[in-house]
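This report describes a metal site, a helix and several charged pairs. Please keep the sequence and the structure in view while reading.

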Amino acid sequence: MDLNDDLLLRYSRHILLPDIGVAGQERIVNATVLIVGAGGLGCPVALYLGASGVGKLLLADGDTVDLTNLQRQIGHTTAAIGENKADSLARTVRAINPEIEVRPILEALVGDALHDAVAVVDLVVDASDNFATRHAVNRACVALGKPLVSGAAIGFSGQVAVFDSRRAGSPCYHCLFPEQADEPEVRCAEAGVFSPLVGVIGAMQATESLKYLAGVGETLIGRLLLWDGLQAGARVMKVPRDPVCPVCGQAALQAG
Ligand SMILES: [Zn+2]
């Protein structure tokens with residue numbers, strides 16, 4: 001798809017950036033992205049990717065909008081309470097940018113449906129809120145060779161990382177956070193979450209996604225960014241691939 005006059009105007013502040021330009025914006029416009037989760041992280045991710053012109057967005061969430069979500073899930077309105085979150089967020093994104101295609105998926109993606117959705121996109125954003133989904137999304141991305149922009153946020157702190165198993169040395173999510181059967185899950189409903197924290201982390205996920213799609217800058221591949229909202233500080237750690245990782249290690253890939 002080429003950029004017509006309207007689109008050149010809509011995306012002009014991107015195009016003015018020498019690193020992006022027309023070529024970078026065309027890559028963004030021609031990209032397809034899957035966002036898993038339409039909650040605190042998924043809202044800012046979808047709003048920024050949609051406003052930026054990512055040509056096709058797949059938004060997956062099986063939950064409905066609840067009054068307690070509205071303190072931070074900025075893509076949903078009070079009128080949307082009771083509606084499916086993917087549907088509600090898709091409507092908000094379309095209102096901002098009717099030039100793109102937004103496909104809501106009204107269920108939690110698992111099994112073949114997850115595999116099929118990951119297979120047709122250029123990049124996956126994990127904006128989910130539980131370990132089981134994060135590990136399932138990671139496995140699908142490694143199996144299909146898709147880049148994964150991962151984020152998590154709870155309380156006042158969060159983290160962002162980018163994984164691309166096709167790159168030598170890039171870890172996968174499992175290399176950093178090995179799956180444990182009895183992993184304690186900390187949920188917003190019990191622990192609380194500071195409203196703009198999910199905006200900070202979600203905006204960083206959108207930043208990493210757009211950089212990757214446009215082919216600019218240095219993404220967080222092989223690094224983990226930790227953000228502490230209370231102290232207003234960030235740390236970036238190098239994270240290596242685990243050579244015996246059961247998801248992305250040599251033995252696992254040969255077996256698969
Ligand atoms: Zn791994």
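How many salt bridges does the count come to? In this predicted model, the count comes to 5 salt bridges, and the sections below take up some of them after the metal site and one helix.

## The zinc site

The zinc ion is held by four sulfur donors, namely the SG atoms of Cys172, Cys175, Cys245 and Cys248, at 2.3 Å. Among these 4 donor atoms the angles run from 95 to 121°, and the site is accordingly classed as tetrahedral. For comparison, the ideal angle for four tetrahedral donors is 109.5 degrees.

Along the sequence, the donor residues follow the spacing C-x2-C-x69-C-x2-C. The site thereby links distant parts of the chain, since Cys175 belongs to helix H8 (residues 173–176) while Cys248 sits in the loop between strand E8 (233–238) and helix H11 (250–255), 73 residues apart. Both Cys175 and Cys248 are buried.

## Helix H7 and its ends

Helix H7 covers residues 131–144, and because each residue should contribute 1.5 Å, its 14 residues are expected to span 20 Å, in agreement with the 20 Å that separates its end C-alpha atoms. The buried residues of H7 are Phe131, Thr133, Arg134, His135, Val137, Asn138, Ala140, Cys141 and Val142.

At the N-terminal end, H7 is capped by Asn130, a side-chain oxygen of which lies 3.4 Å from the backbone nitrogen of Ala132. Just after the helix, Gly145 adopts a positive phi of about 65°.

## Salt bridges

One of the salt bridges also involves H7: the side chains of Glu179 and Arg139 meet with an N to O distance of 3.0 Å. This pair links distant parts of the chain, with Glu179 in the loop between H8 and helix H9 (188–191) and Arg139 in helix H7, 40 residues apart. Glu179 counts as partly exposed at 39% relative accessibility, and Arg139 likewise counts as partly exposed at 37%.

A salt bridge also joins Glu101 to Lys56, where the closest N and O atoms are 3.9 Å apart. Because Glu101 lies in strand E3 (residues 101–105) and Lys56 in strand E2 (residues 56–60), the pair ties together parts that are 45 residues apart in sequence. Glu101 is partly exposed, with a relative accessible area of 43%, and Lys56 is partly exposed as well, at 27%. In the salt bridge between Glu83 and Arg91, the closest N and O atoms are 2.9 Å apart; here Glu83 is partly exposed at 27% relative accessible area, and Arg91 is partly exposed at 42%.

Key: Residues are numbered from 1 along each chain as its sequence is written. This is a predicted model: local features need pLDDT of at least 70, side-chain atom pairs count only at pLDDT 80 or more; totals for chains, interfaces and linings use all residues. Side-chain values use heavy atoms; hydrogens and water are left out. Donors are N, O and S atoms within 2.8 Å of the metal (3.2 Å for Na, K and Ca); water is not among the atoms, so sites may look incomplete. Four donors count as tetrahedral if all angles lie between 85 and 135 degrees; four count as square planar and six as octahedral if opposite donors are over 155 degrees apart and all others between 65 and 115; anything else is irregular. Helices (H or I, at least four residues) and strands (E, at least two) are DSSP runs, numbered from the N terminus. Buried means under 20% relative accessible area, exposed over 50%, partly exposed in between (1.4 Å probe, protein chains only). The expected span of a helix is 1.5 Å times one less than its number of residues. A polar contact is a pair of N or O atoms within 3.5 Å; within protein, one must be able to donate a hydrogen and the other to accept it, and residues adjacent in sequence count only if both atoms are side-chain atoms. A salt bridge is a side-chain nitrogen of Lys or Arg within 4 Å of a carboxyl oxygen of Asp or Glu.
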